[in-house]
Amino acid sequence: AGALLLENRRLAAGVSDEGKARRYAARLAERRLPRREGPGRESVRLLSAVTPDGVLAYRSTVEALAGEVIVLRDEYGAVSRVILDEMRRQALERGLFVITCRCPLAPEDKIEHLFFPELGLALLTSNSWHPMEFCHQHNVRCSRFADAEGLRARRQRMRFNQKAAAELLAQTSALQREARTVHSELETYYRSAADFAQVDKITADTARAMGLAT
């Protein structure tokens, strides 16, 4: 699934103006990211994941960390990746703390979301896998950085990839649900067979040996 979506991203990147997107991000950083003393700091996290319950995005985290949300609407992630990469670079150069959320299917090279907790600001990627809708959000349509005719010429292949990836991810979630059921059943056997009193005794003995007992 990740390989199919990567192909779509590369197809979209081939008809996108990366320079224009990066210049837009630089202007956005100039307007929204202040400069602080000292080096920037980064924490890498995941905001979305492929789970037994399907593809989930933890929107409550957005609501907890950001009062202001800028949403990059980008189905293929080619343009949003460039914008977020530039914003991350600018934030670290300006001495800010940034939470970088990478794509779970391409964590090595694709950023999906950025949080700036001290600014109460989030930049999110929205697509059919994890649509992002919040009150008073500012939307940026990434199609403005791409050649519409070029995208149309590639649409048939990209739709095929999208559909195949969706089927594979559905199978992934189904297998995870099966594994969760088996794991839960195994736990019932272990719980009934475990001598927890003996576990507590070993824990207490170990704590005393390490000088940790109260």
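Within the chain, 77% of the contacts with a separation of 6 or more are made by residues 24 or more positions apart. The model is a predicted one, and its chain contains six helices and eight strands, which follow one another along the sequence in the pattern α-α-β-β-β-α-β-α-β-β-β-β-α-α. The radius of gyration is 22 Å, whereas a compact globule of 214 residues would have a value near 17 Å.

**Overall dimensions, surface and charge**

- Taken along the principal axes, the box filled by the C-alpha atoms of the chain has dimensions of roughly 70 × 50 × 30 Å.
- Of the 214 residues in the chain, 38% are buried, while the area that the chain exposes comes to about 12500 Å², with 53% of it supplied by carbon and sulfur atoms.
- The chain carries 33 positive and 28 negative charges, and the mean positions of these two sets lie 6 Å apart.

**Nonpolar cores**

- In soluble globular proteins, nonpolar side chains tend to be buried together.
- The largest nonpolar core of this model has 24 residues, of which L33, I83, M87, L114, F116, L123 and F145 touch the most other members.
- At least two residues of this core are supplied by each of α2 (18–32), β4 (68–73), α4 (78–93), β6 (111–116) and β7 (121–126), and the largest share, six residues, comes from α4.
- Another core, made up of 13 residues, lies apart from the largest one and includes V62, A66, V71 and F115.
- Leaving aside residues up to four places away in sequence, L114 touches L84, M87, R88, V98, I99, T100, L121, A122 and L123.

**T100 in strand β5**

- T100 is placed in strand β5, which spans residues 97–102, and with a relative accessible area of 0% T100 is buried, because the cut-off for a buried residue is under 20%.
- When residues up to four places away in sequence are not counted, the contacts of T100 are with E42, S43, V44, R45, R88, I111, H113 and L114.

**Loop residues R94 and E118**

- R94 sits in the loop between α4 and β5, yet this arginine counts as buried, at 3% relative accessibility.
- Beyond residues up to four places away in sequence, R94 touches A29, E30, L33, P34, R35 and R36, and among these L33 is also one of the residues that touch the most other members of the largest nonpolar core.
- E118 belongs to the loop between β6 and β7 and is partly exposed, with a relative accessible area of 43%.
- The residues touched by E118, again without those up to four places away in sequence, are R36, L96 and F97.
- Although E118 and L96 are separated by 22 residues in sequence, their C-alpha atoms are 8.2 Å apart in space.
- R36 is thus listed among the contacts of R94 and also among those of E118.

**Backbone geometry at H136**

- Most residues other than glycine have a negative phi, and most peptide bonds are trans.
- H136, which is not a glycine, nevertheless has a positive phi of about 65°.
- This histidine is found in the loop between β7 and β8 (138–141), and H136 is exposed, with a relative accessible area of 81%.

Conventions: Residues numbered from 1 in each chain as written. Predicted model: local features only at pLDDT ≥ 70, side-chain atom pairs only at ≥ 80, totals over all residues. Heavy atoms only, no water. Core = buried A, V, L, I, M, F, W, Y, C linked by side-chain atoms within 4.5 Å. Buried < 20%, exposed > 50% of the residue type's maximum accessible area, 1.4 Å probe, protein only. Helix = DSSP H or I, 4+ residues; strand = E, 2+ residues; numbered from the N terminus. Contact = heavy atoms within 4.5 Å. Rg over C-alpha atoms; globule rule 2.2 N^0.38 Å. Areas by Shrake-Rupley, 256 points an atom, 1.4 Å probe, with all protein chains shown as cover. Lys, Arg positive; Asp, Glu negative; His and termini not counted. Charge placed at Lys NZ, Arg CZ, Asp CG, Glu CD.
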